[in-house]
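These are my notebook entries on a single protein chain. I set down what I looked up, entry by entry.

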Amino acid sequence: MAAAQGQFSDPSDGAEDTEGAERNSVPRAFRLAVDALRAARPRPGIEVDPARPPQRLAPHAYALEAAVVDDGEDLADGRLVLLHDPAGHDAWQGTFRLVTLVRAELEPEMAADPLLPEVCWSWLTGALEARNLSYGEPSGTVTRAGSHYFGGLADRRPATQIEIRASWTPREGRDGAPDTAAHLAAWCDLLCQIAGLPPAGVPDGTTAGVVTLPQRRGPHAP
């Protein structure tokens with residue numbers, strides 16, 4: 001399992017050791033927030049890799065990609081982006097913003113649940129609240145898309161993918177930086193829930209404030 005990693009910006013191909021120079025040009029609060037993400041150790045089964053951050057959403061950005069992997073199978077994947085604007089942002093009501101895209105394929109019985117969008121949104125807010133994180137201005141969408149196969153692909157089962165796009169403002173600490181490591185841990189909890197796994201340390205998957213659906217995958221046969 002990799003440690004959380006990422007980039008301060010989108011370096012040009014062939015550039016050598018640009019990160020050190022970039023660190024000197026970014027605000028201290030952003031460096032602290034990124035360092036906390038780099039030092040974080042996600043729970044077992046989650047693989048985290050660097051990702052190119054977006055270029056025009058904020059003056060400073062840092063991005064991660066992650067996947068929940070079980071017995072060599074990707075159960076869910078997502079992207080987490082940390083944005084920072086030292087001047088503040090009216091829509092954020094703060095200087096930091098976390099933006100995410102999380103997606104997974106669902107079993108048919110889960111896909112048919114009419115409460116699925118509300119449940120998926122509760123996974124995000126519940127994951128943050130379960131770790132006692134202070135945040136504001138949450139917004140997002142939950143999208144359910146189905147695929148049916150025909151012709152040469154007719155032997156495949158219909159598939160449904162769920163996708164959560166969301167953003168929220170993490171509250172800043174005394175040093176001006178939010179507790180990004182804790183927010184990353186909550187995000188990993190969300191990834192595991194959408195993958196059909198229980199939250200870390202909770203065998204039956206029940207967590208205060210979080211509505212759960214049946215596990216999508218049972219234990220693998222020995």
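The entries below begin with confidence and then move to the core, a helix, the strands and one residue.

**Entry 1. Confidence.** I noted at the outset that this is a predicted model. The chain averages a pLDDT of 80, and 77% of the residues score at least 70. I looked up the extremes among the elements: helix α1 (residues 18–23) has the lowest confidence, at a mean of 51, and α2 has the highest, at 94. I then marked two stretches for caution. Over residues 1–18 pLDDT stays under 50, and the model has 56 contacts beyond four places in sequence for them. Over residues 202–222 pLDDT also stays under 50, with 44 such contacts in the model.

**Entry 2. The nonpolar core.** I asked which residues touch the most other members of the largest nonpolar core. They are Val68, Leu82, Leu184, Trp187 and Ile194, in a core of 47 residues. I listed the elements that each supply at least two residues of this core: α2 (28–39), β1 (46–51), β2 (60–70), β3 (73–89), β4 (94–106), α4 (116–130), β6 (159–170) and α5 (180–194). Of these, α5 gives the most, with nine residues. I also recorded another core lying apart from this one; it has seven residues, among them Ala58, Val81, Leu83 and Trp92. In soluble globular proteins, nonpolar side chains tend to be buried together.

**Entry 3. Contacts of Leu82.** I set aside the neighbours of Leu82 within four places in sequence and looked up what remains in contact with it. The partners include Phe30, Ala33, Val34 and Leu37, and also His60, Ala61 and Tyr62. Phe96, Arg97, Leu98 and Thr180 are in contact with Leu82 as well.

**Entry 4. Helix α2.** I checked the length of α2 first. At 1.5 Å a residue, its twelve residues should span 16 Å, and its end C-alpha atoms are 16 Å apart, which agrees. I then asked which residues of α2 are buried. Ala29, Phe30, Ala33, Val34 and Leu37 are. Seen down the helix axis, the buried residues of α2 fall within an arc of 130 degrees, so they line one face of the helix. The face turned away from this buried side carries the exposed residues Arg28 and Ala39. I recorded β2, β3, β4 and α5 as included in what covers the buried residues of α2.

**Entry 5. Strands β1, β2 and β3.** I looked up how β2 is paired. β1 and β2 run antiparallel and are joined by six bridges; Ile46 has Val68 in β2 as its bridge partner. β2 and β3 also run antiparallel, joined by eleven bridges, and Ala63 stands opposite Val81 in β3. The hairpin of β2 and β3 has two residues between the strands, and Asp71 in the turn has a positive phi of about 55 degrees. Eight of the eleven residues of β2 are buried, so I noted this strand as largely enclosed by the rest of the structure.

**Entry 6. Thr180.** I asked whether Thr180 is buried or exposed. Thr180 has a relative accessible area of 1% and is therefore buried, the cut-off being under 20%. Thr180 lies in helix α5. Beyond its neighbours within four places in sequence, Thr180 is in contact with Ala33, Ala36, Leu37 and Leu82. I last looked up its separation from Leu98: the two are 82 residues apart in sequence and 9.1 Å apart in space, C-alpha to C-alpha.

Terms used:
Residues are numbered from 1 along each chain as its sequence is written. Side-chain values use heavy atoms; hydrogens and water are left out. A nonpolar core is a set of buried Ala, Val, Leu, Ile, Met, Phe, Trp, Tyr and Cys residues joined through side-chain atoms within 4.5 Å. Buried means under 20% relative accessible area, exposed over 50%, partly exposed in between (1.4 Å probe, protein chains only). Helices (H or I, at least four residues) and strands (E, at least two) are DSSP runs, numbered from the N terminus. Contact means heavy atoms within 4.5 Å. pLDDT is the predictor's confidence in each residue, from 0 to 100. The expected span of a helix is 1.5 Å times one less than its number of residues. The arc is that of the directions from the helix axis to the C-beta atoms. Two strands pair if DSSP finds at least two bridges between them.
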